Amino acid sequence: MNDHRYYAACTLGLEQALHDELKALGAGNVQIRRGACEFRGDRALGYAACLWLRSAVRVQEELLRGRVRDRDDLYDFARSVDWSRSITTLQTLAVDASVRDSFANDTRFPALVVKDAICDQFREAKNKRPDVDRERPDLIAKLVLHADQAILYRDLSGEPLHKRGYREIQHKSPLNEALAAGLLLATDWDKKEPLCDPMCGSATFLVEAAFLAMDRAPGLARSFSFERFVDADLDAWRTIYDDAERRSIAGASKCPTLLGNDRHSGALSIAEIAIDAAGLKGKVRLQEGDCAEFVPAVAPSVVVVNPPYGERLDAPTEELAADWSGLGRFFHQRCQGARAYVLSGNPELTRHLGLRAGNKMPVRNGPIECRWIRYEIGHKTRQADGETAPQPGPADRNDPSS
Ligand SMILES: C[S@@+](CC[C@H](N)C(=O)[O-])C[C@H]1O[C@@H](n2cnc3c(N)ncnc32)[C@H](O)[C@@H]1O
């Protein structure tokens, strides 16, 4: 029965990828919102969404929506939810709020009102109340208050969904796993072709690509808040989980050639640890060196890369410009006929690739407005769309076609 309303949040720009993932999961009435999708389905769909969504960072189940004009309205509104369906007095909670144009000036006050309403409900019924825990609560209740319209959710995921469970050590500027997966979903990679990342850092693209190709649910190695809810349907969850496990075993042999390179040995050590932890030992080949010198063991059909770009509108340093020119040389020399996707947060740097840009998908990487730019390698270097040719490097000088 499609009786539950859900809200899945994602990075700005990945809404379409998330929409498509939800449709593939069988979600009903999927509506794209800014940085999110709303959808409907049964309880099992909520669980499956936590386990399978690659591009989402959170899945919330709607508990109640209604009109709230002041503090007392909000208190009564929050009290009218049966919170004993979610947790007991021995469990913990936290309340988050998002507020716009409402009676409250900030998020703290309405969050406190909701917390009081929940705790008072327990105290009245049980003479005890659950503790608040900001670090690892069993229940995260979320209030969204826009003007006088309020919605209360409970977070099914708990820890954000990009935390897959394979990344214990962080690289300096890693790509969020959900963003990496969403960007991969926005390419035309067929999950069988050789794929490479010439500046792979901690190998987020490569691990997410392996999971995608091997039909491995991204949440297989972690737990979710909903498992600890009083009303959790653990039989339904077991069925969903077992099916995902079966699919992952069946897909284990489907890993295509995945190649990574980085000039930073520390980043590659972190990549190796993540690859092992993800159960992908031997499935991803890593090399150390400058990308301009990188010779992939197999010619890649698809290249995905997240080069360093400093601050968005700052003039790029010479060093950054040289890195991007080197990447351009790698494309020209080693990737003829491939499609490349580059995450760029600085249009000044993009020019140094010396390639004609195709589709540019706007996407947010943390606070930085970026573009996920598609290139067809093999088109000769030329000036187009305001993009200029790169400084000629050795490869360009030797290339008879340039
Ligand atoms: C923004 S990080 C990439 C993060 C990566 N996507 C991840 O998930 O960890 C950029 C990476 O490019 C590498 N890099 C920068 N210039 C390079 C070059 N010329 N050749 C090879 N690697 C380079 C850096 O060492 C760094 O690991």
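Begin by selecting the open sheet of seven strands, whose order is 11-10-9-12-13-15-14 and whose pairing is mixed. Its edge strands, each pairing on one side only, are strand 11 (284-288) and strand 14 (357-365). Neighbouring strands of this sheet are turned against each other by 20° on average, direction ignored. Helices (H or I, at least four residues) and strands (E, at least two) are DSSP runs numbered from the N terminus, and two strands pair if DSSP finds at least two bridges between them.

The model is predicted: local features need pLDDT of at least 70, side-chain atom pairs count only at pLDDT 80 or more, and totals for chains, interfaces and linings use all residues. Residues are numbered from 1 along each chain as its sequence is written.

**Two strands and the helices across them**

Select strand 10 (residues 258-262) together with strand 11; they pair in the parallel sense over five bridges. Leu258 has Val284 of strand 11 as its bridge partner. Next, add helix 6 (residues 204-213), which lies across strand 9 (195-197), strand 10, strand 11 and strand 12 (302-305) and runs at about 170° to strand 10. Then add helix 8 (residues 265-277), which lies across strand 10 and strand 11, at about 170° to strand 11. Axes are lines fitted to C-alpha atoms, for helices over the stretch in contact, and angles run from 0 to 180 degrees between N-to-C directions. Two residues are in contact if their C-beta atoms, placed from the backbone, lie within 7 Å.

**The ligand**

Select the ligand and the 20 residues that surround it; the closest are Met199, Gly201, Ser202, Thr204 and His264. A residue is near a molecule if its C-beta atom, placed from the backbone, lies within 6 Å of it. Helix 6 and helix 9 (318-334) each supply at least two residues of this shell.

**Helix 4 and strand 5**

Move to helix 4 (residues 108-126). At 1.5 Å a residue, its 19 residues should span 27 Å, and its end C-alpha atoms are 27 Å apart, which agrees; the expected span is 1.5 Å times one less than the number of residues. Which residues of helix 4 are buried? They are Pro110, Ala111, Val113, Val114, Lys115, Ala117 and Ile118. A residue is buried if 20 or more other C-beta atoms lie within 10 Å of its own, exposed if 12 or fewer, and partly exposed in between, with C-beta atoms placed from the backbone. Their cover includes helix 3 (71-79), strand 5 (92-100), strand 6 (131-132) and strand 7 (139-146). Just after helix 4 comes Asn127, with a positive phi near 65°.

Now colour the side chains of strand 5, which alternate. Leu93, Val95, Ala97 and Val99 point to one face and are buried, whereas Thr92, Ala94, Asp96, Ser98 and Arg100 point to the other and are not. Strand 5 runs parallel to strand 6, joined by two bridges, and Thr92 stands opposite Asp131 there. Strand 5 also runs parallel to strand 7, through eight bridges; the partner of Ala97 is Leu143.

**Two single residues**

Select Ala27, in the loop between helix 1 (15-25) and strand 2 (28-33). Is Ala27 buried or exposed? Ala27 counts as buried because it has 23 C-beta neighbours inside 10 Å. Leaving aside neighbours within four places in sequence, Ala27 is in contact with Leu22, Phe39, Arg40, Gly41 and Leu45.

Finally, select Glu319 in helix 9. Glu319 is exposed, with 9 other C-beta atoms within 10 Å. The C-alpha atoms of Glu319 and Asn359, 40 residues apart along the chain, are separated by 27 Å.
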